[in-house]
Amino acid sequence: MLRRPEYRKALVFCGLIGIPVALIAFWFLVALHQLEQLIWTDWPKDLGWERAPWWWGLPLLTVAGVVVALVVARLPGRGGHIPAGGLHAGGPTKEALPGVLVAALVGLPLGVVLGPEAPLIALGGGLALLFASLVRAPQTEASTGLLGAAGAAAAISALFGNPAVGAVLLMEVAGVGGPQLFAVMLPALLASGVGDLIFTGFVHWTGLETGSLDIGLPKPPPLDWGDVLWVLLLAPALAFLVHWVFVGGRFVAGFVTTRTVRNTTLCALGAGGCVTLYAVATGRSPAEAALSGETALGELARDPHAWSVGALVAVLVFKGLAYALCLGSLRGGPVFPALFLGGAAGVLLAPLPGLGLVPAMAAGMAASVTAALRLPVSSVVLVVLLLGNVDTVALVVLAAVMSFVVAQLLPQGPSIPAFGERPPGRARRPGATRP
């Protein structure tokens, strides 16, 4: 293939496209961060509160619901993928870019319990096709898919700060190799994780050395059998819970297909109610139950003792409910809320006998995000990158594989329309005007 001139030209063009796409993705993420900081931190302080008051999420999420509903009902592309269907690489077009941008830049900073990764994938793919049309590059079905994947990978790498994550994620999302890929990859992933676990255990038990790539950085306490046994219980349980959150999101997606504006607004208001109940029940900031959870996850990891058992239970319940409502009705990505819920569950269960904080968070995050995405390799790479701890890789792999198997074997719930498609039964009757 590398000997074909058209492929070499496409390769160069994809590399060039990565420059503007990454720059636009950077400013998109900066805008989201600044807006979130302004709305949830600066405005409450300017109005005299130490932090956002308990009712803060109700009006914000209601506005988010109205705006996103109008985007879905009126603009091409319907604002992007329905997040309850997971991450997808195909479908974005240059015509869908305005709707994707409006839904993300309005909804996410106002407290929607979703992340920016799905809008970034759509943004990157759409921008790549836009640039290709501007330079009048020939567009076939194969070249369109290649350009879309390259643009999406450039954009998602800007979010995770690692090109390997972007490349692996897009390969799994695009389904290269089809079902056969998972049939071969899953046993290999499991075997490699178990092999690493056994190898690490024998080095620890015997004290013998085989040579390693370790350069001498400080290490956390070594894993033991208690960590492994708890992961065997924790991973399936979290996979079960997160899976049913997504099934609930798919039922919500069916609910909002009729009377889109009204029902989407009701779901957003329901998410705002969950955020409010969390703040009232715990006396903590409503921002912890709203938004993607990316900032809150960092705070949780740095100071887990600042969260009481009641606060952890409350955030799992109320953020989980808000997450399900947002998955089916609003627009964004499913990654960061799943990571936060898994991390919070890990912190909650870390005091169990024989289970440490780092292994518990590692297993919880891996199980939760794998159940959400159904992308085990990407989930392992992402969690290991976030933890920065190679000693927990075996537990992360074990949790991801078990979570993937459990989630795949459970009932999947209603199907989700592809990018920009109207759900079944949504064809408008002649003369009908109500969205």
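**View 1. Helices α12 and α13 meet along a shared contact.** On the α12 side, Val-335, Ala-338, Leu-339, Leu-341, Gly-342, Gly-343, Gly-346 and Val-347 take part, and they meet Leu-357, Ala-360, Met-361, Gly-364, Met-365, Ser-368, Val-369, Ala-372 and Leu-373 of α13. Sorted by character, the residues of this contact are 12 nonpolar and 5 polar, with no charged ones. Helix α12 covers residues 335-349 and helix α13 covers residues 357-373. Their axes come within 7 Å and cross at roughly 145°, and the crossing of α12 past α13 is right-handed. Please keep in mind, here and in every view below, that this is a predicted model.

**View 2. Here is the whole protein, as a setting for the close-ups.** Welcome to a protein with 15 helices and 0 strands. It has 435 residues, and buried residues make up 51% of them. Take the contacts between residues at least 6 apart in sequence: 80% of these join residues at least 24 apart. The protein exposes about 19700 Å², and carbon and sulfur atoms supply 69% of that area.

**View 3. Val-369 is a buried residue of helix α13.** You have already met Val-369 in the first view, as one of the α13 residues in the contact with α12. Its relative accessibility is 0%, so Val-369 counts as buried. Which residues does Val-369 contact, leaving aside its neighbours within four places in sequence? They are Val-335, Ala-338, Leu-339, Arg-374, Ser-379 and Val-383. Of these, Val-335, Ala-338 and Leu-339 also appear among the α12 residues that meet α13. Look for Phe-336 as well: Val-369 and Phe-336 are 33 residues apart in sequence, and their C-alpha atoms are 8.1 Å apart in space.

**View 4. Ser-403 sits in helix α15 and is buried.** Helix α15 runs through residues 393-409. The relative accessible area of Ser-403 is 0%, which means that this residue is buried. Follow the side chain of Ser-403 to one of its polar atoms, and you will find the backbone oxygen of Ala-367 at 2.6 Å. Setting aside neighbours within four places in sequence, Ser-403 is in contact with Ala-239, Ala-367, Thr-370 and Ala-371.

**View 5. Ala-399 is another residue to look for in helix α15.** With 0% relative accessibility, Ala-399 counts as buried. Not counting residues up to four places away in sequence, Ala-399 touches Val-231, Ala-235, Ala-363, Ala-366 and Ala-367. Ala-367 is also in contact with Ser-403, the residue shown in the previous view. How far apart are the C-alpha atoms of Ala-399 and Leu-232? They are separated by 7.4 Å, although the two residues lie 167 residues apart along the chain.

**View 6. Two arginines, Arg-78 and Arg-259, have a positive phi.** Neither is a glycine: phi is about 55° for Arg-78 and near 50° for Arg-259. You will find Arg-78 in the loop between α2 (57-74) and α3 (97-107), while Arg-259 is in the loop between α8 (225-255) and α9 (260-282). Is Arg-78 buried or exposed? Its relative accessibility is 9%, and buried means under 20%, so Arg-78 counts as buried. Arg-259, for its part, is partly exposed, with a relative accessible area of 34%.

Terms used:
Residues numbered from 1 in each chain as written. Predicted model: local features only at pLDDT ≥ 70, side-chain atom pairs only at ≥ 80, totals over all residues. Heavy atoms only, no water. Helix = DSSP H or I, 4+ residues; strand = E, 2+ residues; numbered from the N terminus. Buried < 20%, exposed > 50% of the residue type's maximum accessible area, 1.4 Å probe, protein only. Contact = heavy atoms within 4.5 Å. Areas by Shrake-Rupley, 256 points an atom, 1.4 Å probe, with all protein chains shown as cover. Axes fitted to C-alpha atoms, helices over the stretch in contact; angles between N-to-C directions. Left-handed = near helix turned anticlockwise from the far one by under 90°. Nonpolar A, V, L, I, M, F, W, Y, C, P; charged D, E, K, R; others polar. Polar contact = N/O pair within 3.5 Å; in protein donor to acceptor, adjacent residues only side chain to side chain.
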